[in-house]
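This report describes the helical packing, the nonpolar cores and the internal space of one protein chain. Which residues line the largest cavity?

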Amino acid sequence: MPLPPYSLLTLFFFIFLSPYFASAKNPNAPQDLVRSSCLHANYPNLCIHTLSSYSGPANSPRDLAQASVKVSLSRASKTSEYLRSLSGLKTKRERVAVSDCVEQISDSVDELGKSLGELKHLRGETFRWQMNNAQTWVSAALTNEDTCLDGFEEVESKVKSDVKRKITNVARVTSNALYMINRLNESRGRPRFHDP
C-alpha cells in the first residue's frame, strides 16, 4: 500500500533534514570548533579555557581570532592598571623595571587594540594587507611583553614574582591570539568579510 504524500514528506524531513537542524541547535558545536582550533596553539589548554568561557560569538575562525585578541587585550589592560598602581618599590632597579614595563604593556594594549580593529573590519579585497597588519601588531605586543619580563631578570622581590605571573599569563594568551590570527589567514576561504 503506497504511503500518503504527507507521510513521504515527513519521512524526507527526518531522513535528510533533521540532522541539519540537530547540528544547527547543537550547543556543543562552538565548543568543538574551539577545541579543534586550539589543538596546535602554543598553550592549548589555556586557549580552550579562555575561548570556552568567552561570552561572545565563537562560530568561525574569524570569531575565534577576534575573541583571542579581546581576551589578550583585556588581560593586558588589567595588567597595565596593576603595574601603574604599584607603590613602595624599594630599589632603583625595581623602579626602573616597573617603569619600563608600564611603557611596554601600554604599547601592547595599543597594538592589540589596533589589531582588533582590523579583525572587526576585514574586507575581501584588502584581507591579506589587513591580516599582515594584525599579525605585525600582535607580534609587537608579544615582543613588548617578553621585554617586560626580561627587565625583571636581575630584580629580586615579591613584586617580581607578581609581575612575572601576570605578564606570563598575558604573553601566553597573546601567543594564542597570534596563532588564531595565523590560522584565520591560512584558512581564509574568502567568506563575507563585510561589516554586519
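A cavity, as the word is used here, is a set of grid points where a 1.4 Å probe fits but cannot get out, and lining residues are those with an atom within 4 Å of such a point. The model is predicted. By this definition the structure holds one cavity of 30 Å³ or more, and the space in the largest cavity comes to about 50 Å³. Its lining consists of Cys47, Thr50, Leu51, Ser68, Val71, Val173, Asn176 and Ala177. Helices α3, α4 and α7 are the elements that give two or more residues to this lining.

**Overall architecture**

The secondary structure comprises seven helices and zero strands, and the order along the sequence is α-α-α-α-α-α-α. Of the 196 residues in the protein, 40% are buried. Among contacts with a separation of 6 or more, 76% are made by residues 24 or more positions apart.

**Nonpolar cores**

The largest nonpolar core contains 29 residues, and Leu51, Val69, Leu119 and Ile181 have the most contacts inside it. Two or more residues come to this core from each of α2 (29-38), α3 (44-52), α4 (61-85), α5 (92-120), α6 (127-150) and α7 (158-186). A second, separate core has 16 residues, including Leu83, Val98, Val159 and Val163.

The surroundings of isoleucine 181 illustrate the packing of the largest core. Apart from neighbours within four places in sequence, isoleucine 181 is in contact with Ala65, Val69, Ser115, Leu119, Met131, Ala134, Gln135 and Val138. Two of these partners, Val69 and Leu119, are themselves listed with isoleucine 181 among the residues with the most contacts inside the core.

**Aromatic rings**

The count of aromatic pairs is zero. One ring has a charged partner: lysine 166 lies over the face of tyrosine 82, at 4.7 Å from the ring centre.

**Residues on helices α6 and α7**

Valine 173 belongs to helix α7 and is one of the residues that line the largest cavity. Its relative accessible area is 4%, so valine 173 counts as buried under the 20% limit. When residues up to four places away in sequence are not counted, valine 173 touches Leu46, Thr50, Val71, Ser72 and Arg75. Of these partners, Thr50 and Val71 also appear in the cavity lining.

Asparagine 182 is also found in helix α7. With a relative accessible area of 27%, asparagine 182 is partly exposed, because this value falls between the limits of 20% and 50%.

Three residues of helix α6 may be taken together. Glutamine 130 lies in this helix and, at 5% relative accessibility, counts as buried. Leaving aside neighbours within four places in sequence, glutamine 130 is in contact with Glu118, His121, Leu122 and Arg123.

Asparagine 144 is likewise located in helix α6. Is asparagine 144 buried or exposed? Its relative accessible area is 15%, and asparagine 144 is therefore classed as buried, the limit being under 20%. Beyond residues up to four places away in sequence, asparagine 144 touches Gln104, Asp107, Ser108 and Glu111.

Cysteine 148, in helix α6 as well, is buried with a relative accessible area of 1%. Its contacts, leaving aside neighbours within four places in sequence, are Cys101, Gln104, Ile105 and Ile167. Gln104 is thus a partner of cysteine 148 and is also touched by asparagine 144.

**Residues apart in sequence**

The table lists C-alpha to C-alpha distances for pairs that involve four of the residues described above.

| Residue | Partner | Separation in sequence | C-alpha distance |
|---|---|---|---|
| Valine 173 | Leucine 46 | 127 residues | 7.4 Å |
| Asparagine 182 | Glutamine 135 | 47 residues | 7.3 Å |
| Cysteine 148 | Aspartate 100 | 48 residues | 6.9 Å |
| Glutamine 130 | Asparagine 185 | 55 residues | 9.9 Å |

Two entries can be read alongside the contacts given earlier. Leucine 46 is in the list of residues that valine 173 touches, and glutamine 135 is a contact of isoleucine 181.

Terms used: Residues numbered from 1 in each chain as written. Predicted model: local features only at pLDDT ≥ 70, side-chain atom pairs only at ≥ 80, totals over all residues. Heavy atoms only, no water. Core = buried A, V, L, I, M, F, W, Y, C linked by side-chain atoms within 4.5 Å. Buried < 20%, exposed > 50% of the residue type's maximum accessible area, 1.4 Å probe, protein only. Helix = DSSP H or I, 4+ residues; strand = E, 2+ residues; numbered from the N terminus. Contact = heavy atoms within 4.5 Å. Phe/Tyr/Trp six-rings, centres within 6.5 Å; stacked < 30°, edge-to-face > 60°. Lys NZ or Arg CZ within 6 Å of the ring centre and 35° of its normal. 1 Å grid on protein atoms, 1.4 Å probe; cavity = no way out; pocket = protein on both sides within 12 Å on 5 of 7 lines; lining within 4 Å. Points joined across faces, edges and corners; volume = space filled by probe spheres on them.
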